[in-house]
Amino acid sequence: MNNVKDKYNHLIMHIVLLSYTLICIFPVYLLVNNSFKKRRAIFKEPLSLPTEETFSLVGFTKMFSRVDFSIYFYNSTFVTLTTLFLVLLFGAMAAWALSEYKFKGNTMLGLYLAFGIMLPIKLGTVSILQLLSSMNLVNTLTGLVIVYTAQSLPLAIWILTEFMKQVNQELKEAARCDGVNEYQLFFYIILPLMRPPLATVAVFTMVPVWNDLWWPLVLAPSGGKQTVILGMQQYIGQYVTNWNAVFASLSTALIPILIFYMIFSRQLIRSITSGAVK
Amino acid sequence: MKKRFPLHILVFLFPACFIYTLFMIFPLFDTIRISLFTQNLMGENMDNSSNIRAFIGFRNYYDLFTNENWSWHFWNALKNNTYFFLLHVSIQTPIGLLIAAFLSSKDLRFKHTYRTLIFLPAMMSIVIVGYLFNLILSNLWGIPQTILGVVGLEHLYQPWLGLKGPALITISLISIWQFVGIPMMLFYAALLNIPDEILDAAKIDGSGPMTTFWFVKFPLILPTVGLMVILTYVGNYNAFDLIFAMKSLYAGPEYSTDLMGTFFYRTFFGFQMQLGNPTMGATVASTTFGIILLGVLIYLFAFQQRVTRYQY
């Protein structure tokens, strides 16, 4: 009796979850699917997959003939990876100091750094723009990297501090007894142990940086320093009536994230559910 | 002699603290300082390119709240933004909770697949989502008509994005569609953390799935629900990309989809006939900062302090 009821409950859950999953992926399907079709097919049969007859890359060829997306890809990749490197290095260093050493003001400093998790850096735009233009960093990738690093550090430090507190005390003491200095201890012993939480921080850092529109729009809107998202936005603004080109550029901007998510979704979901963000 | 602060601690702390302080904390407070100045030395709509600024105290705030040039847009954006937030909380949270509750039930098949796919939109750039839904809801393409037609409700179709009332609701629903994965994940993680013994005990006491959910699980994950609400609050009062992609800076029709973020951008950089005004922009940003801070403080002191936390 109970078993029948369980089966019935599961059936309802599957129906609800499946319908909601379809709602989630249907727009993505429409986008990717239609970017590989001829214009007529986009309008006539938007839902069907491209066939031999309707398949076409006209949107992509058109787009790549007008703008050099490879520059935008280079810019986005450079900004994202440099930010990632700085956030992981500086974040781990600060987290190590906060979790390992007892010094005056340790708790206060931890709170001060955690403050930034809740505060959106966007609200400092007027001042940041002034500051960066006085440093001649407007329309440079360096400017973007600096802002993104500042924005990503608080969460990185907070997550990493939690994990560093759990490192075995005896291991550290043993290393110190062997005459390892504090820098060696951190770089050769602690950092390699921190690979899983560093991977978590990496995902949380990279995705918002890659997807961001605000800072490229404010800090690097022109001069070939646009990121993929901004370049796509500017391109669509000009060719809004060419549906093939619009679909192609949206797909081009989306596909790297789709691939990234396919590779890292397990890692990402595991790190969320294992309590990295409590 | 005073003990010297160990050098290696400074070395470890310095880079992060320096960048964070100079490029995040300083600008936030410097923005508040800038908001107390004006560049309009000669009255309204003068050239703003000069760098001479005069201290005027809280005059900008007074103008923002009461002067017709600004106040209509400000109160309008604030009202829309509040509506945007309330729609998120009242729709996104229950959907996220429902999906998380289903996913956390034992031996349900395909839960990994569901989870991965439902979270997928949250990974996409908001700009892509905005343009994509502009196409999907466009009259030219006719996707909603087709879908409504399947169930015989074609007459319900309207150009939602172009109508004053429905536009903001439609955009909110798109944003909710995109980010439902985040509450789902947080609630799911919280539900998984509930120890089996508690649930077994409830079962033995004769509590059914509904009762168990509302009287055992829900109170246990209430802190996570509170966290989600405040995260949504901060995110919503900071939203910009979606309106910019779907409606550009016009935030049409008739500014009915204008949010604090788009209003801030227009004020700071200028729009159409209106010149950019950095000090007024700083005033808008500081006001938003105050609104967000108020929400966070209410959360920290009124909610987080009072809600019962259970340690397992």
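# A tour of the salt bridges

Searching the whole structure turns up 8 salt bridges over all chains. Keep in mind as you click around that this is a predicted model. Here is the idea behind the stops: side chains of opposite charge can pair when their charged atoms come close.

**Stop 1: chain A, two helices**

Select Lys172(A) and Glu100(A) and show their side chains. They meet in a salt bridge, with 2.7 Å from N to O. Now colour the helices: Lys172(A) sits in helix H8 (residues 169-177) of chain A, while Glu100(A) belongs to helix H4 (residues 69-100) of chain A. The two residues are 72 residues apart, so this pair links distant parts of the chain.

Turn on the surface next. Is Lys172(A) buried or exposed? Its relative accessible area is 3%, so Lys172(A) is buried, as that is under the 20% cut-off. Glu100(A) is buried too, with a relative accessible area of 15%.

**Stop 2: along helix H8**

Stay in chain A and select Arg176(A) and Glu173(A). Their side chains form a salt bridge as well, at 3.5 Å from N to O. Both residues lie in helix H8 of chain A, and they are 3 residues apart, about one turn of the helix. On the surface, Arg176(A) counts as partly exposed at 23% relative accessibility, and Glu173(A) is partly exposed at 36%.

Which residues are linked with Glu100(A) in a network of salt bridges? Add Glu182(A) to your selection, together with Lys172(A), Glu173(A) and Arg176(A): with Glu100(A), these residues are linked in that network.

**Stop 3: over to chain B**

Jump to chain B and pick Asp30(B) and Arg33(B). Here the side chains meet in a salt bridge of 2.8 Å, N to O. How many residues apart are Asp30(B) and Arg33(B) in helix H1? They are 3 residues apart in helix H1 (residues 7-34) of chain B, so about one helical turn separates them. Asp30(B) is buried, with a relative accessible area of 8%, whereas Arg33(B) is partly exposed at 42%.

**Last stop: the cysteines**

A different kind of link to look for: a disulfide is a covalent bond between the sulfur atoms of two cysteines. How many disulfides does a search of the whole structure find? The count is 0 over all chains. You can still select some cysteines. Cys24(A) is buried, with a relative accessible area of 0%. In chain B, Cys17(B) counts as buried at 15% relative accessibility.

Key
Residues numbered from 1 in each chain as written. Chains lettered and ligands numbered in written order. Predicted model: local features only at pLDDT ≥ 70, side-chain atom pairs only at ≥ 80, totals over all residues. Heavy atoms only, no water. Salt bridge = Lys/Arg side-chain N within 4 Å of Asp/Glu carboxyl O. Helix = DSSP H or I, 4+ residues; strand = E, 2+ residues; numbered from the N terminus. Buried < 20%, exposed > 50% of the residue type's maximum accessible area, 1.4 Å probe, protein only. Disulfide = S-S within 2.5 Å.
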